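Could you walk me through this model in my viewer? I'd like to know what to select, in what order, and what I'll find there.

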Amino acid sequence: METTLLRKVKPETLEGLLSAINNVIDEIREAVPSKEEQLRDEAYTTCLMMNYDIIQALRWHELKKQEGKKIAG
């Protein structure tokens, strides 16, 4: 996984951001049911990419936490 500044953000903050972006994506999907139209919109695709990046950062945090448990255990 590529290094990102999102790794420096607390998981709790990332979870809040993920929730907000998911709400935006859901509202766009409700307002514009056409997947083709959704994917042509730059803001929508930016939200999808940000959603993915946040999930990857949360995954990284979880892996680091698991590594710490293995070392301590």
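Here is a tour that starts with the whole chain and then goes residue by residue.

**Before you click**

This is a predicted model, in which local features need a pLDDT of at least 70, side-chain atom pairs count only at pLDDT 80 or more, and totals for chains, interfaces and linings use all residues. Residues are numbered from 1 along each chain as its sequence is written, and side-chain values use heavy atoms, with hydrogens and water left out.

**Stop 1: the whole chain**

Colour by pLDDT, the predictor's confidence in each residue from 0 to 100. The protein averages 94, and 95% of the residues score at least 70.

Now switch to cartoon. You should see three helices and zero strands, running α-α-α from the N terminus on. Helices here are DSSP runs of H or I with at least four residues, strands are E runs of at least two, and the numbering starts from the N terminus. Of these elements, helix α1 (residues 11-31) has the highest mean pLDDT, 98, and helix α3 (residues 42-72) the lowest, 93.

Turn the C-alpha trace around: along its principal axes it spans about 50 × 20 × 15 Å. The radius of gyration is 15 Å, whereas a compact globule of 73 residues would come in near 11 Å. That radius is taken over C-alpha atoms, and the globule rule is 2.2 Å times the number of residues to the power 0.38.

Put a surface on if you like. The protein exposes about 5,700 Å², with carbon and sulfur atoms supplying 56% of it; the areas come from the Shrake-Rupley method with a 1.4 Å probe, and for residues only the protein chains shown count as cover. Buried residues make up 21% of the 73, where buried means under 20% relative accessible area, exposed means over 50%, and partly exposed is in between (1.4 Å probe, protein chains only).

**Stop 2: the core**

Select Leu6, Leu14, Leu18, Ile21, Ile25, Tyr44, Cys47, Ile54, Ala57 and Leu58 and show sticks: these ten residues form the largest nonpolar core. The elements that give two or more residues to this core are α1 and α3, and α3 gives the most, with five. A nonpolar core here is a set of buried Ala, Val, Leu, Ile, Met, Phe, Trp, Tyr and Cys residues joined through side-chain atoms within 4.5 Å.

Centre on Leu14. Skipping neighbours within four places in sequence, Leu14 is in contact (heavy atoms within 4.5 Å) with Leu6, Val9, Ile54, Ala57, Leu58 and His61. Across the protein, 67% of the contacts between residues at least 6 apart in sequence join residues at least 24 apart.

**Stop 3: Asn51**

Move to Asn51, in helix α3. Is Asn51 buried or exposed? At 15% relative accessibility, Asn51 counts as buried. Not counting residues up to four places away in sequence, Asn51 touches Leu18, Ile21, Asn22 and Ile25.

**Stop 4: Gln38**

Next, pick Gln38 in helix α2 (residues 35-40). Gln38 is buried, with a relative accessible area of 4%. Which residues does Gln38 contact, leaving aside its neighbours within four places in sequence? They are Ile28, Arg29, Val32, Pro33 and Tyr44. For a distance check, draw a line from Gln38 to Asn23: their C-alpha atoms are separated by 15 Å, with the two positions 15 residues apart along the chain.

**Stop 5: Thr13**

Click Thr13, in helix α1. Thr13 is partly exposed at 43% relative accessibility. Try another line, this time to Cys47: the two are 34 residues apart in sequence and 17 Å apart in space, C-alpha to C-alpha.

**Stop 6: the salt bridges**

Side chains of opposite charge can pair when their charged atoms come close. Counting a side-chain nitrogen of Lys or Arg within 4 Å of a carboxyl oxygen of Asp or Glu, you get two salt bridges.

- Select Glu62 and Lys65, whose side chains meet at 3.5 Å, N to O. Both lie in helix α3, three residues apart, about one turn of the helix. Glu62 is partly exposed at 35%, and Lys65 is partly exposed at 48%.
- Select Lys64 and Glu67, whose side chains meet at 3.6 Å, N to O. This pair is also three residues apart in helix α3, about one helical turn. Lys64 counts as partly exposed at 41%, and Glu67 as partly exposed at 43%.
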